[in-house]
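Dear colleague,

Please find below the structure that I am handing over to you, followed by an account of what was found in it. I would be grateful if you would read the two side by side.

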Amino acid sequence: MINQDTIVALATPSGAGAIAVIRLSGKDAITLAEAQFKSVSGKQLAKQPTHTIHLGHIVEDQRTIDEVLVSVFKNPNSYTGEHVVEISCHGSSYIQQEIIQLFLRNGCRMATAGEFTLRAFLNGKLDLSQAEAVADLISSDNEASHQIAMQQMRGGFSSEIAKLREELLNFASLIELELDFAEEDVEFADRTQFKELISRITFVLKRLIDSFAVGNVIKNGIPVAIVGEPNVGKSTLLNALLNEDRAIVSDIAGTTRDTIEDELVIQGIGFRFIDTAGIRETKDVVEGIGIKKTFEKIEQSQVVLYLFDATQFVDNAEQFQIEIEKIKNKYPLKPLLIVPNKIDKLSAEEEKQLETFLGAIENSKYILLAAKENRGVEALKNALIGFVNTGALRNNETIVTNMRHYDSLLKAFEEIQKVQDGIDMNLSSDLMAIDIRQALYHFGEITGQVTNDELLGNIFANFCIGK
Ligand SMILES: Nc1nc2c(c(=O)[nH]1)N(C=O)[C@@H](CNc1ccc(C(=O)N[C@@H](CCC(=O)O)C(=O)O)cc1)CN2
Ligand SMILES: Nc1nc2c(ncn2[C@@H]2O[C@H](COP(=O)(O)OP(=O)(O)OP(=O)(O)O)[C@@H](O)[C@H]2O)c(=O)[nH]1
């Protein structure tokens, strides 16, 4: 997979900008750059120390293409571990293309997606999970996803896995050594220490596997279904939450037939609001389809926000009770937030009555809302945050967000359990050794100590060119 080509690509976004960076990496990066570059100082790039910057011009034949700054990074002290040259040019698309084309005609080839980071991995600058974190970091758009990607890129997760792998590897070797002395019935591997290690690994794996639920939520946002009859104020609430006029607000009941999704970041956590058409039985065929859709959306959501018109409460308390029970029965484990809206229209007496009613409903929270007047919106946001377990995030614990890692962790866990069973049943060393090797294999998948071209191809194909 590793190759000798010197690659070139635009490292900054395509299009015009103040400055653009063109990056070269490979054994000829410095000589190839040198051939097209005239430094102002007259110094030769190849003779400059690593991590130095030089002003000069990119020149083709007699034509000056641009005045540029050239940064030199010398093998192995660079992002990729190879010679790297970065050319900071003026950010016109024309100049960018002219310089890239110049290098393509003169010994470089276009980098493939993620190839710089792939080379960093192959040269041991990053392990696989760190390289994957680079992509996550680039796409992170809120505090939580940024924090997780940053931690992963700095190797928190990798070193935890690598350390366990190393310890396990030690025992594997000792146990395998015992096999060579099978006749003599010796134990090189201290069984007490071995048990301790296996239970420690089990503990760590469990924690990492559990963290995936949190990680997934942080990466993809928490889906919240807003369930309520037409005209109760769903659109108004969404607008208040989003602080913009995205959903349509109207006086005609039933305008929210299609579901509208919108995203909002509250205290660093992404929420995806799913506007639904409510669940009241109706003879209208289109509304009937809406109810089915509503249940589908509830199915996909992690929190249900049941919104109703508080002014209808006095006459319709029983109806609301039925609907709330229906949701609770159908989705007993899904957190339910009951939100009466338009409480600005209630008398103090009515409000009290409403609170008594809501207080009697078990396993749910409620918030009195007047979306139009922005009353209760903050409390609602806080309640939503309350549903998310951000403990792991606050404690700076490793959070797994990558499906591939999750998969390997589950497989490693399975193997470690087999080892545990083996210990409990006093299984012979040769049988245990096989399970240990399997567990080691799955640990190695995460960090990239075990890998293959197809896997690498899949991972780096999702990077952008120039990364
Ligand atoms: N201009 C520029 N900015 C960038 C990058 C880059 O490649 N170029 N990066 C990349 O995407 C990120 C920074 N990451 C980098 C990581 C390592 C090295 C590097 O030169 N490492 C050497 C030297 C370390 C040292 O000075 O001690 C090494 O690891 O040996 C450079 C950038 C973000 N900003
Ligand atoms: N008094 C009062 N009126 C509100 C409040 N929230 C919404 N409304 C009004 O209720 C009406 C319906 O609001 P929408 O936000 O369109 O309701 P919806 O649930 O999205 O309605 P559909 O799209 O028809 O399902 C509008 O006239 C809003 O101005 C509130 O807190 N107080």
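An oxygen atom of ligand 1 lies 2.8 Å from an N or O atom in the side chain of Lys 125. Please bear in mind that this distance, like every other value in this message, comes from a predicted model. Two further side chains make contacts of this kind. For Lys 467, the separation between an N or O atom of the side chain and an oxygen atom of ligand 1 is 2.4 Å. For Arg 23, a polar side-chain atom is placed 2.6 Å from an oxygen atom of ligand 1. Taken on its own, ligand 1 has 670 Å² of accessible area, of which the protein covers 46%.

The residues around ligand 1 are Arg 23, His 51, Phe 73, Pro 76, Asn 77, Ser 78, Tyr 79, Glu 86, Lys 125 and Lys 467. By character, this shell divides into 4 charged, 3 polar and 3 nonpolar residues.

Several members of the shell can be placed in the fold. Arg 23 has Glu 86 of strand β6 as its bridge partner, and both residues belong to the surroundings of ligand 1. The strands concerned are β2 (residues 19-25) and β6 (residues 84-90), which pair in the antiparallel sense over 7 bridges. Strand β2 also pairs with strand β1 (residues 6-10), again in the antiparallel sense, over 4 bridges. Within that second pairing, Ile 7 stands opposite Ser 25 of β2. Strand β2 is mostly covered, with 6 of its 7 residues buried.

Two other shell residues call for attention on account of their backbone geometry. Pro 76 is joined to Asn 75 by a cis peptide bond, with omega at about 5°; Pro 76 belongs to the loop between β5 (63-73) and β6. His 51 is not a glycine, yet its phi is positive, at about 60°. The loop that holds His 51 runs between β3 (37-39) and β4 (52-60).

A positive phi is also found at Asp 61, which is not a glycine either; the value there is about 50°. Asp 61 sits in the loop between β4 and β5. Is Asp 61 buried or exposed? Its relative accessible area is 71%, over the 50% cut-off, and Asp 61 is therefore exposed. Val 59, by contrast, is found in strand β4 and is buried, with a relative accessible area of 16%. The C-alpha atoms of Val 59 and Gly 114 are separated by 29 Å, and the two residues are 55 positions apart along the chain.

I turn now to strand β11 (residues 303-309). Why may this strand be described as largely enclosed by the rest of the structure? The reason is that 7 of its 7 residues are buried. Val 303, Leu 305, Leu 307 and Asp 309 point one way from β11, while Val 304, Tyr 306 and Phe 308 point the other way, and all are buried.

Strand β11 has parallel partners in β8 and β12. Strand β8 (residues 222-228) is joined to β11 by 5 bridges, and Val 227 stands opposite Tyr 306 in that arrangement. Strand β12 (residues 336-341) pairs with β11 over 6 bridges, where Leu 307 stands opposite Val 339. In addition, β11, helix α10 (residues 313-330) and β12 together make a right-handed β-α-β unit.

Two helices complete this account. Helix α8 (residues 234-242) is largely enclosed by the rest of the structure, because 8 of its 9 residues are buried. The buried residues of α8 are Lys 234, Ser 235, Leu 237, Leu 238, Asn 239, Ala 240, Leu 241 and Leu 242.

In helix α6 (residues 156-180) lies Ser 158. Ser 158 is buried, with a relative accessible area of 5%. The side chain of Ser 158 is joined to that of Ser 129 by a polar contact of 3.0 Å.

With kind regards

Methods
Residues are numbered from 1 along each chain as its sequence is written. Chains are lettered from A and ligands numbered from 1 in the order in which they are written. This is a predicted model: local features need pLDDT of at least 70, side-chain atom pairs count only at pLDDT 80 or more; totals for chains, interfaces and linings use all residues. Side-chain values use heavy atoms; hydrogens and water are left out. A residue is near a molecule or strand if one of its heavy atoms lies within 4 Å of it. A polar contact is a pair of N or O atoms within 3.5 Å; within protein, one must be able to donate a hydrogen and the other to accept it, and residues adjacent in sequence count only if both atoms are side-chain atoms. Accessible areas come from the Shrake-Rupley method with a 1.4 Å probe; for residues, only the protein chains shown count as cover. Ala, Val, Leu, Ile, Met, Phe, Trp, Tyr, Cys and Pro count as nonpolar, Asp, Glu, Lys and Arg as charged, and the others, Gly among them, as polar. Buried means under 20% relative accessible area, exposed over 50%, partly exposed in between (1.4 Å probe, protein chains only). Helices (H or I, at least four residues) and strands (E, at least two) are DSSP runs, numbered from the N terminus. Two strands pair if DSSP finds at least two bridges between them. A crossover is right-handed if, with the strands pointing away from the viewer, the path from the first strand over the helix to the second runs clockwise.
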